[in-house]
Structures are given as structure tokens and as C-alpha cells.
Amino acid sequence: DALNTQTAGRLLPALSLSFNVDTPYLVKNWLRRGQTSMVYGPSNVGKSFFVIDLLYSITTGEEWNGYRVKQGKVLYIATEGHSGLGQRLEALKVLRGVPPNYSDDQWRVLPEKIDLYASEGLQKVRELLRDHSFDLIIIDTLAMALGSGSENDNTTINAFLRNLSELRGLSDAHIMLIHHTGKDHERGARGHSSLQAAVDTEISLKSEDGLVCVSTTKQRDYQRADKL
């Protein structure tokens, strides 16, 4: 890319520069490498089931709901612990099976309350990334990952986002946050507006006529996917 740390402080000719605008995707029209997304919806709408099904396709490289997928390795940080996650994974194996020769390295779960607002939590994940390479990092949930911080506080959110940026820089992984809406779903995800402004992709889940509707409510510099 034409802009990097080596060009800092220099005056560059804008239209003579060459840029790589074809950022590799993980899931075509949904997720791109090196970016941040947020999956949000009300409690019990099925956010974790949706994400786990998506992760299965990424770790196997199988097509997902008609969209092309680039196979990648996943780290799932279950900040609310392992409660309920085991049952969902067992249900996934029954539904979609386990491919032959599937490597454990493709999908790792860290069932631990990690405060990614604090430097100690950042350091722990940073050490994991020294020993393992991931293409996608899931943080479930955003609220738990903020530790003592508040999702409504701009200072907290900005510090949290800086820490995510550092983790992203270590591996060029896509980072996905799982979050909740407030009482009014139409107002979007809970929390300070700086959070919504910072993420590249927002994926909304809501219940409509007994079905779960999935749509991209924000897609920075990328074609929006069709509603599922």
C-alpha cells in the first residue's frame, strides 16, 4: 500500500499513488480481513447460533448461505464463560457434521472472562497471538469484555477500540463483537455512538413473524449483502 509508516511526514502526490483496494474477504459481501464488525440484536434472538453457524463455514471453507467463503482460523473468546456454548457446539455438529481431517487448530475457544478494556486482558490475548495465528477473532460479548468500563462512556469505548486495533495489527484478523440492542431495536446497538461509528460492518438480528431476520445495517466501503 502507498501509505504506511515510512511515508509519514512526507507530502505525497494523491492521484499518482497506487493503492490496493481489493481487501481480501472472509465471507463475500459480509466480512473482510483486517476490519471490525458487530453482530447485535435483542437477548435470545439467536446471535450466538448465527455466529457459530457462520464460523463453521469459515473454518471449513464451505459456502455460507450462497456466499463464497475463504477458509480461515478462528478464535472465539467466550467472555461469559462456557455456559450454553457446549450445547450449541454439539447441536452444530449434529446439524452440519465434522469434516474428515478437520484440524483442532481451525477453531479455538477461550472460555474466560477477559477484560479487553484493561491492559492486563490485552496482554493476555497478545500473548496468545504470538503462538497462534487467527483470521477471525470473536468477542462474545462486548459488554463483558469491557470489564469495569461502561459501554455508554466515550473514554471507555475509545480505549477499548484502541486495544482492538492493536490486536488487529498483530494478525490482520477480522474482529467481530457480539452485542445487544436496548429496548428499542430501531435505535441500533446499545452504547456510545463512537462504537457504531468505528465498526466497519454491523449485522442486525431481529425477530419478524416468528422468523429471525439477518441484515447488514452498515457496510463501510463494501457492497451490502442481501437480507437473510
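What share of the 228 residues in the protein chain do buried residues make up? The answer is 46%. Please keep in mind as you read that this is a predicted model.

**The chain as a whole**

Let's start with the overall picture. The protein chain contains six helices and nine strands. Its C-alpha trace spans about 55 × 40 × 40 Å along the principal axes. For 228 residues, a compact globule would be expected to have a radius of gyration near 17 Å, and the 18 Å of this chain agrees with that. Among contacts with a separation of 6 or more, 67% join residues that lie 24 or more positions apart.

On the outside, the chain exposes about 12,100 Å², and carbon and sulfur atoms supply 47% of that area. As for charge, there are 26 positive and 28 negative side chains, and the centres of these two sets are 2 Å apart.

**Two helices to look at**

Helix 1 and helix 5 are good places to begin exploring. The table sets out their spans.

| Helix | Residues | Number of residues | Expected span | Distance between end C-alpha atoms |
|---|---|---|---|---|
| Helix 1 | 47-60 | 14 residues | 20 Å | 20 Å |
| Helix 5 | 154-171 | 18 residues | 26 Å | 26 Å |

In helix 1, the end-to-end distance of 20 Å agrees with the rise of 1.5 Å a residue. Helix 5 agrees with its expected span too, at 26 Å.

How many of the 14 residues of helix 1 are buried? Twelve are, so this helix is largely enclosed by the rest of the structure. The buried set includes Phe50, Val51, Ile52, Leu54, Leu55, Tyr56 and Ile58. Lys47, Ser48, Ser57, Thr59 and Thr60 are buried as well.

In helix 5, the buried residues are Thr156, Ile157, Ala159, Phe160, Leu161, Asn163, Leu164, Leu167, Arg168 and Ser171. An α-helix has 3.6 residues a turn, so residues three or four places apart point the same way. What do the buried residues of helix 5 pack against? Their partners among the strands are strand 3 (36-41), strand 6 (136-140) and strand 7 (174-180). Their helical partners are helix 3 (119-131), helix 4 (142-145) and helix 6 (193-198).

**Backbone details worth a click**

Just past each of these helices, the backbone has a positive phi. Gly61 follows helix 1 and has a phi near 80°. Just after helix 5 comes Asp172, with a positive phi of about 60°, although Asp172 is not a glycine. Asp172 sits in the loop between helix 5 and strand 7, and its relative accessibility of 41% makes it partly exposed.

Asn65 is another residue other than glycine with a positive phi, near 50°. You will find Asn65 in the loop between helix 1 and strand 4 (74-78). With a relative accessible area of 48%, Asn65 is partly exposed, since the exposed class begins over 50%.

Where is the cis peptide bond involving Thr141? It runs from Asp140 to Thr141, with omega near 10°. Thr141 itself belongs to the loop between strand 6 and helix 4.

**A residue in strand 1**

Finally, have a look at Tyr25, which is found in strand 1 (residues 25-27). Is Tyr25 buried or exposed? Its relative accessibility is 13%, so Tyr25 counts as buried, the cut-off being under 20%. Tyr25 and Glu62 are 37 residues apart along the chain, and their C-alpha atoms are separated by 14 Å.

Key
Residues are numbered from 1 along each chain as its sequence is written. This is a predicted model: local features need pLDDT of at least 70, side-chain atom pairs count only at pLDDT 80 or more; totals for chains, interfaces and linings use all residues. Side-chain values use heavy atoms; hydrogens and water are left out. Helices (H or I, at least four residues) and strands (E, at least two) are DSSP runs, numbered from the N terminus. The radius of gyration is taken over C-alpha atoms; the globule rule is 2.2 Å times the number of residues to the power 0.38. Buried means under 20% relative accessible area, exposed over 50%, partly exposed in between (1.4 Å probe, protein chains only). Contact means heavy atoms within 4.5 Å. Accessible areas come from the Shrake-Rupley method with a 1.4 Å probe; for residues, only the protein chains shown count as cover. Lys and Arg count as positive and Asp and Glu as negative; His and the chain ends are not counted. The place of a charge is taken as NZ of Lys, CZ of Arg, CG of Asp or CD of Glu. The expected span of a helix is 1.5 Å times one less than its number of residues.
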